[in-house]
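Q: Could you take me through how to read helix packing and the overall make-up of a chain, one feature at a time?

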Amino acid sequence: QPESVLLYSGGLDSLGGAVRESIVQKRRVVLVNHRSTSKHNRRHRELQDLLSFHAREFRPLHVNVRVYKDSDLNREHTQRTRSFLYASLGATVAQILGLRHASFYENGVVSLNLPFAAQVTGSHATRTTHPRVLHGFEQLFSLVAAQPFAIPNPFLWHTKAAVVREIMDAGCAPLIGVSCSCAHTWQTTIEHPHCGACS
């Protein structure tokens with residue numbers, strides 16, 4: 001019986017969460033992954049194999065959900081609703097398993113989304129895993145499920161460097177190079193898996 005559900009993009013932070021729970025804490029976890037494109041399938045399979053090798057009998061179960069928008073709909077490049085989609089998928093899987101939580105693992109610098117320029121405020125700043133946003137998700141999913149539901153972010157007080165250190169301390173440094181934290185999948189290529197333009 002799985003003990004927890006993690007929202008898993010294959011990026012560095014969610015990888016850190018998977019390493020922490022399945023390898024360090026030896027918990028039985030389900031990694032819920034949303035894929036809007038098949039571009040990263042090979043990379044995700046490689047990462048899945050490496051995680052399974054290191055976790056051994058605690059290898060995580062992967063649930064991959066394919067959701068994409070029809071091309072005739074308006075273009076939306078902000079990824080603003082991405083965390084709501086992930087949270088909804090995670091909450092659904094958790095409910096099916098009889099669990100009352102699904103965890104986001106995202107470092108605090110990204111979660112709090114401190115403005116890197118003076119004009120990046122208000123609606124220009126995407127705070128998709130900000131504590132206030134996650135609290136809103138918790139309220140909504142608790143109402144839908146008619147019971148308390150939690151969406152914690154255990155890496156809220158971590159920097160990206162702290163996440164990297166935690167993965168390395170677990171003996172999983174080779175997994176870092178396979179992870180991909182880029183959300184702009186439409187710009188990625190085999191040669192350049194990261195667009196190189198995020199904050």
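Q: Is the crossing of H3 and H5 left-handed or right-handed?

A: Handedness tells which way one helix is turned relative to the other, and in this model, which is predicted, the crossing of H3 and H5 is right-handed. The two helices concerned, H3 with residues 82-97 and H5 with residues 131-145, pack at an angle of about 40°, and their axes lie 11 Å apart.

Q: Which residues of H3 and H5 make the contact?

A: A packing angle is best read together with the residues behind it. On the H3 side the contact is formed by Ser83, Phe84, Ala87, Ser88, Ala91 and Gln95, while H5 contributes Phe137, Leu140, Phe141 and Ala145. Sorted by class, the residues of this contact of H3 with H5 comprise 7 nonpolar and 3 polar, with no charged residues.

Q: At what angle do helix H1 and helix H2 pack?

A: Helix H1 (residues 12-24) packs against helix H2 (residues 41-55) at an angle of about 25°, with 10 Å between their axes. Angles under 35 degrees count as roughly parallel, and H1 and H2 are therefore roughly parallel to each other. As for handedness, H1 passes H2 in a right-handed crossing. The contact involves Leu15, Ala18, Val19, Ser22 and Ile23 from H1, together with Leu47, Leu51, His54 and Ala55 from H2. Of the residues in the contact of H1 with H2, 7 are nonpolar and 2 are polar, and no charged residue takes part.

Q: Where is Gly177 placed, and how far is its C-alpha atom from that of Leu47?

A: Position along the chain and position in space have to be read separately. Gly177 belongs to the segment after helix H7 (173-176), and although Gly177 and Leu47 are 130 residues apart along the chain, their C-alpha atoms are separated by 9.5 Å.

Q: Is Gly177 buried or exposed?

A: Here the relative accessible area decides, and a residue counts as exposed over 50%. Gly177 has a relative accessible area of 61% and is therefore exposed.

Q: How many helices and strands are there in the protein chain, and how do the elements run from the N terminus on?

A: The protein chain has 7 helices and 3 strands, and their order, read from the N terminus, is β-α-β-α-β-α-α-α-α-α.

Q: What do the values for the protein chain add on burial, contacts and accessible surface?

A: Of the 199 residues in the protein chain, 41% are buried. Among its contacts with a separation of 6 or more, 75% join residues 24 or more positions apart. The accessible surface of the protein chain amounts to about 11200 Å², and carbon and sulfur atoms account for 56% of that surface.

Conventions. Residues numbered from 1 in each chain as written. Predicted model: local features only at pLDDT ≥ 70, side-chain atom pairs only at ≥ 80, totals over all residues. Heavy atoms only, no water. Axes fitted to C-alpha atoms, helices over the stretch in contact; angles between N-to-C directions. Helix = DSSP H or I, 4+ residues; strand = E, 2+ residues; numbered from the N terminus. Parallel < 35°, antiparallel > 145°, perpendicular 65-115°, else oblique. Left-handed = near helix turned anticlockwise from the far one by under 90°. Contact = heavy atoms within 4.5 Å. Nonpolar A, V, L, I, M, F, W, Y, C, P; charged D, E, K, R; others polar. Buried < 20%, exposed > 50% of the residue type's maximum accessible area, 1.4 Å probe, protein only. Areas by Shrake-Rupley, 256 points an atom, 1.4 Å probe, with all protein chains shown as cover.
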